Amino acid sequence: MGYVYALCAALLFGMNGSVTKVIVNSGLDPAQLTLFRVGGTATIAALVLLVVNRSSFRVSWRQISILSVLGVVGVALLQYTYAVALSILPVGITLLIEYTAVLMVALVAFFFFKEKVRVRLWVAIGFVLAGLAIVAQIWASELLPFGVFMAISAAVCLATYFLVGEREVGKTSPMAVAFWTMAAATVFWLLFSGWWNINPAIFTSPVSLSGNLASVELPLLVPLAWNVLLGSFLSFFLSLLALKYLPATVAGVVASAE
């Protein structure tokens with residue numbers, strides 16, 4: 001089931017890349033978009049826990065501190081750096097650089113956590129990166145330095161998400177991890193996103209879906225709702241659920257299907 005959860009999460013994350021680009025290009029900056037994503041996910045996770053498992057809200061102070069780091073680095077900064085990179089680079093190039101995280105995860109697991117990483121996994125990582133390079137047609141793309149820097153930063157944040165997330169879902173439920181990490185990310189972006197500068201009228205203004213759907217225009221609220229519900233809450237929850245069944249190294253490789 002871990003592979004199924006990881007693949008479903010990858011599908012949702014992949015579809016969300018283009019939605020994110022549409023929203024950022026419409027005038028909502030990456031930090032503000034990230035606030036809506038993490039705040040919406042924290043709210044939905046809280047409502048789910050209130051109904052199905054209220055005891056999951058109770059975690060130790062040590063867990064809260066770890067989950068807060070995971071929330072700020074593995075979620076808040078990950079989504080911000082990813083969104084900024086997407087606004088500068090093509091989606092394929094951004095994902096290629098971001099998913100060098102699978103190599104980072106394997107190296108950290110091998111050298112620092114002394115985990116056994118099978119030869120076939122190293123081969124799989126090589127094929128993943130080569131495949132992403134071909135799909136992104138890296139030889140025909142313009143790599144703007146700041147976009148590359150933000151994509152590399154997203155890779156570091158994603159590696160943190162897999163490595164720390166793998167350990168935390170073993171201590172409590174994936175939904176509780178989703179709530180606490182997203183709550184920490186929300187607090188972070190409430191302070192630094194500049195949400196108070198948003199003009200409320202932007203949410204009802206029509207935006208083009210771009211690409212092959214350039215002729216289709218919808219109120220910004222529609223892609224934003226998709227981004228929060230399917231591209232954030234469900235995708236993050238499924239990825240955390242996958243980490244309950246798969247090692248971070250394997251989950252990272254499967255996630256590159258995005």
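Let's start on the outside: Leu103, Leu107, Phe110, Phe111, Phe112 and Phe113 come together as a nonpolar surface patch, and their combined accessible area is about 590 Å². Keep in mind that this is a predicted model. One of the patch members, Leu107, sits in helix α5, which covers residues 101-111. Its relative accessibility is 34%, so Leu107 counts as partly exposed. That value fits with its place in the patch, because patch residues need over 30% relative accessible area.

Now let's go to helix α8, residues 174-192, where you'll find Thr186. Is Thr186 buried or exposed? Thr186 has a relative accessible area of 14%, and since buried means under 20%, Thr186 is buried. What does Thr186 touch, once residues up to four places away in sequence are set aside? The list is Leu35, Val38, Gly39 and Ala42. With Val38 there's a polar detail to look at: the Thr186 side chain reaches the backbone oxygen of Val38 at 3.3 Å.

Last stop is helix α10, residues 248-255, home to Val250. Val250 comes out at 17% relative accessibility, so this residue counts as buried too. Which residues is Val250 in contact with, leaving aside neighbours within four places in sequence? Those are Tyr3 and Leu121. For a sense of how the chain folds back here, take Ala124: Val250 and Ala124 are 126 residues apart in sequence, yet their C-alpha atoms are 9.4 Å apart in space.

Conventions. Residues numbered from 1 in each chain as written. Predicted model: local features only at pLDDT ≥ 70, side-chain atom pairs only at ≥ 80, totals over all residues. Heavy atoms only, no water. Patch = residues over 30% accessible without salt bridge, like charges linked within 9 Å, V, L, I, M, F, W, Y side chains within 5 Å. Areas by Shrake-Rupley, 256 points an atom, 1.4 Å probe, with all protein chains shown as cover. Salt bridge = Lys/Arg side-chain N within 4 Å of Asp/Glu carboxyl O. Helix = DSSP H or I, 4+ residues; strand = E, 2+ residues; numbered from the N terminus. Buried < 20%, exposed > 50% of the residue type's maximum accessible area, 1.4 Å probe, protein only. Polar contact = N/O pair within 3.5 Å; in protein donor to acceptor, adjacent residues only side chain to side chain. Contact = heavy atoms within 4.5 Å.
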